[in-house]
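Biologist: I have a structure open and would like to go through some of its side chains with you. Could we look at it together?

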Amino acid sequence: MEDQTFISSTQTVPDPNKVPRHIAIIMDGNGRWARKRFLPRVAGHTRGVEAVRGTIRAAIERGVEYLTLFAFSSENWRRPTEEVSFLMQLFIKSLQKEVARLHENGIRFRVIGDRSRFEPTLVKAIEAAEELTAKNTRLHLTVAANYGGRWDVLSAVNRLLAQRPGLAEISEEMVNTELSMNFAPEPDLFIRTGGEQRISNFLLWQLAYSEFFFTDALWPDFDGKVLDQAIASYQGRERRFGRTSEQLVDAAGGEVERHA
């Protein structure tokens, strides 16, 4: 199946009673999870990988089509050198260990973000995983690594300017085609674990009309139960995208286009 570029979700109104088609998660709290147990921070990151496995499985079981996980931001390079080095090695080892399982389960894997600061071994592992899983469609799993929302938008605009010298005006549709997540619908539901309530430069453009769910659960403790709480919260909301409540129920008059 060929990739397609999605238009902004604000053009149509998804049915909030259904399971979110696209869920994006900031996986926060690994270090605090470890500290509460008098363990080094890296132990929390290792345990966090297990939570990723469980979340992928839970997403598939619930019918989610796109799952995007924020693993490492462009600001995370400011962390202690030893921790950053451990995270990079953990990423490589996890890819090497998990990619065959992802492929066997029909999961397409992608990484978005600036790869220029990654060592060649990691870049090769990412490229191999993406190539192996390129035709899978059961779940689109995207990991944001060395990613920043501002970087994403600026990169899109710079590519447009480079492709079209003398461009006088840039439209929303043009930017959409150049964003890192142009292959996916915008997230219906954004989840952040660990108790913080901010988006931390994650998918700034794409989260414009997403529903937010914040949980105190630390990422290593995130499981299907917490995911169900987030989905239930999403299903109890009214997504209007600038319209009125009356318009949403007046589908017979053709005022609002709905899609699953």
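Modeller: We can discuss one loop residue, then the aromatic rings, then charges over rings; please note that the model is predicted.

Biologist: Where does Thr215 lie?

Modeller: Thr215 is in the loop between strand E7 (211-214) and helix H7 (224-235).

Biologist: Is Thr215 buried or exposed?

Modeller: Thr215 has a relative accessible area of 10%. The residue is therefore buried, as the cut-off is under 20%.

Biologist: What does Thr215 touch?

Modeller: Leaving aside residues up to four places away in sequence, Thr215 touches Arg192, Thr193, Gly194, Gly195 and Val226. In addition, a polar atom of the Thr215 side chain lies 3.1 Å from the backbone nitrogen of Ala217.

Biologist: Turning to the rings, how many aromatic pairs are there?

Modeller: The count comes to eleven aromatic pairs. One of them joins Phe190 and Phe202, a tilted pair at 6.3 Å centre to centre with 50° between the planes.

Biologist: Which parts does that pair tie together?

Modeller: Phe190 belongs to strand E6 (residues 189-192) and Phe202 to the loop between E6 and E7, so the pair ties together parts twelve residues apart in sequence. Phe190 is buried at 0% relative accessibility, and Phe202 is buried with a relative accessible area of 0%.

Biologist: Why is the pair of Trp219 and Phe222 stacked?

Modeller: The ring centres of Trp219 and Phe222 are 5.0 Å apart and the planes are at 20°, so the pair counts as stacked.

Biologist: Which charged end sits over the ring of Phe183?

Modeller: That is the charged end of Arg110, 3.8 Å from the ring centre. The charged end of Arg117 sits over the ring of Trp77, 4.1 Å from its centre.

Definitions and conventions: Residues numbered from 1 in each chain as written. Predicted model: local features only at pLDDT ≥ 70, side-chain atom pairs only at ≥ 80, totals over all residues. Heavy atoms only, no water. Helix = DSSP H or I, 4+ residues; strand = E, 2+ residues; numbered from the N terminus. Buried < 20%, exposed > 50% of the residue type's maximum accessible area, 1.4 Å probe, protein only. Polar contact = N/O pair within 3.5 Å; in protein donor to acceptor, adjacent residues only side chain to side chain. Contact = heavy atoms within 4.5 Å. Phe/Tyr/Trp six-rings, centres within 6.5 Å; stacked < 30°, edge-to-face > 60°. Lys NZ or Arg CZ within 6 Å of the ring centre and 35° of its normal.
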